[in-house]
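Let's take a walk through this protein together. Have the sequence and the 3D view ready, and follow along as we go.

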Amino acid sequence: MTIVEVLKLSADYLQKHGSDSARLDAEILLADVLGLRRLDLYLRFDRKLQEDELAAYRSLVARRAKGEPVAYLVGHREFMGLDFEVTPDVLVPNPDTEVLVQRAVAIAREVGAPLRVADVGTGSGCIAISIAHYAQNTAVWASDISPQALAVAARNVAQHGLAGRVHLEPGDLMRGLSGEFDLVCANLPYVAANANLPAEVSAQPSRALFAGDGGAALVRELLAEAPARLKPGGRVLVELDPSILTAVADVAGHGFAGHRVHRDAGGRERVLEAWS
Ligand SMILES: C[S@@+](CC[C@H](N)C(=O)[O-])C[C@H]1O[C@@H](n2cnc3c(N)ncnc32)[C@H](O)[C@@H]1O
């Protein structure tokens, strides 16, 4: 079978098994098996697959059909135009989170002077690393309660050559981080315990997903803790789901001078920005 034939069959199969990005999934997995870039598949549509290539590809497509995220199958994921190692120990970086990073980078560029940034619940390190990469005036201290996640983040920090500017610390929320910050960023777990999730989401670590109080508990705790850790004029950016916005804005209304909400590319309320 040729590349074009295999892609058609596998995309149909993945779509029947519930993937809403079936063609893209099929292409990413095939490019991985063949050691090509995804777009190169289009230049070699008539190339025939060897038996061993087909066998390896079938196995990946079958795992994808059962709900394993593509990023876990190929071991990496693009976020903010950068490539991140991803394992089942970390949340798969999500494009919805880019709005938080873009706002953080805009703030950092506006300020211009050296900025101390915290990234709470860093997972793969995608937020901390992207901010440090795109805003040269930042130094980032990133925490996570999961030692396994921090090991993945450490490899990503090294891979992006940022060991001098992104520092990883184990700990609960900001307790492992010392000093005061100009900017505190966080994409903490905010899914309610009883949520009905698609297989590819529930395949991700539960401590990266779930929080008490209908999903609001950890974000609320951070917003209560953060004001004492901000420098004068400091800001907080937290990712949220629109369903917890009211509960979260209530805490922000007490500890901060003001707050506003940023929407993601799909128009949903996604990031709360609060200032001291
Ligand atoms: C939703 S994931 C986000 C990961 C990464 N920031 C991203 O945007 O892809 C949340 C992360 O917070 C970590 N976490 C959960 N509870 C925490 C806590 N109490 N203190 C610090 N980190 C925590 C999890 O281990 C997980 O890596």
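Just after helix α1 comes Gly18, and its phi is positive, near 95°. Keep in mind that you're looking at a predicted model.

Now step back into the helix itself. α1 runs over residues 3-16, which makes 14 residues. From its first C-alpha to its last it reaches 20 Å, close to the 20 Å expected at 1.5 Å a residue.

Which residues of α1 are buried? They are Ile3, Val6, Leu7, Ser10, Ala11 and Leu14. Try looking down the axis of α1: these buried residues fall within an arc of 125°, so they line one face of the helix. And what do the buried residues of α1 pack against? Their partners are α2 (22-34), α3 (40-43) and α4 (51-65).

Time to zoom out. The protein is divided into domain 1, covering 3-66, and domain 2, made up of 78-84 + 88-275. Taken over C-alpha atoms, the centres of domain 1 and domain 2 are separated by 33 Å.

Last stop: the ligand. How many residues surround it? There are 24 of them, and the closest are Gly121, Gly123, Ser146, Asn187 and Ala208. Two elements, α7 (126-134) and β4 (138-144), are the ones that give two or more residues to this shell. As for the character of the shell around the ligand, its residues divide into 13 nonpolar, eight polar and three charged.

Conventions: Residues are numbered from 1 along each chain as its sequence is written. This is a predicted model: local features need pLDDT of at least 70, side-chain atom pairs count only at pLDDT 80 or more; totals for chains, interfaces and linings use all residues. A residue is near a molecule or strand if its C-beta atom, placed from the backbone, lies within 6 Å of it. Helices (H or I, at least four residues) and strands (E, at least two) are DSSP runs, numbered from the N terminus. Ala, Val, Leu, Ile, Met, Phe, Trp, Tyr, Cys and Pro count as nonpolar, Asp, Glu, Lys and Arg as charged, and the others, Gly among them, as polar. The expected span of a helix is 1.5 Å times one less than its number of residues. A residue is buried if 20 or more other C-beta atoms lie within 10 Å of its own, exposed if 12 or fewer, and partly exposed in between; C-beta atoms are placed from the backbone. The arc is that of the directions from the helix axis to the C-beta atoms. Two residues are in contact if their C-beta atoms, placed from the backbone, lie within 7 Å. Domain bounds come from an automatic or database domain assignment.
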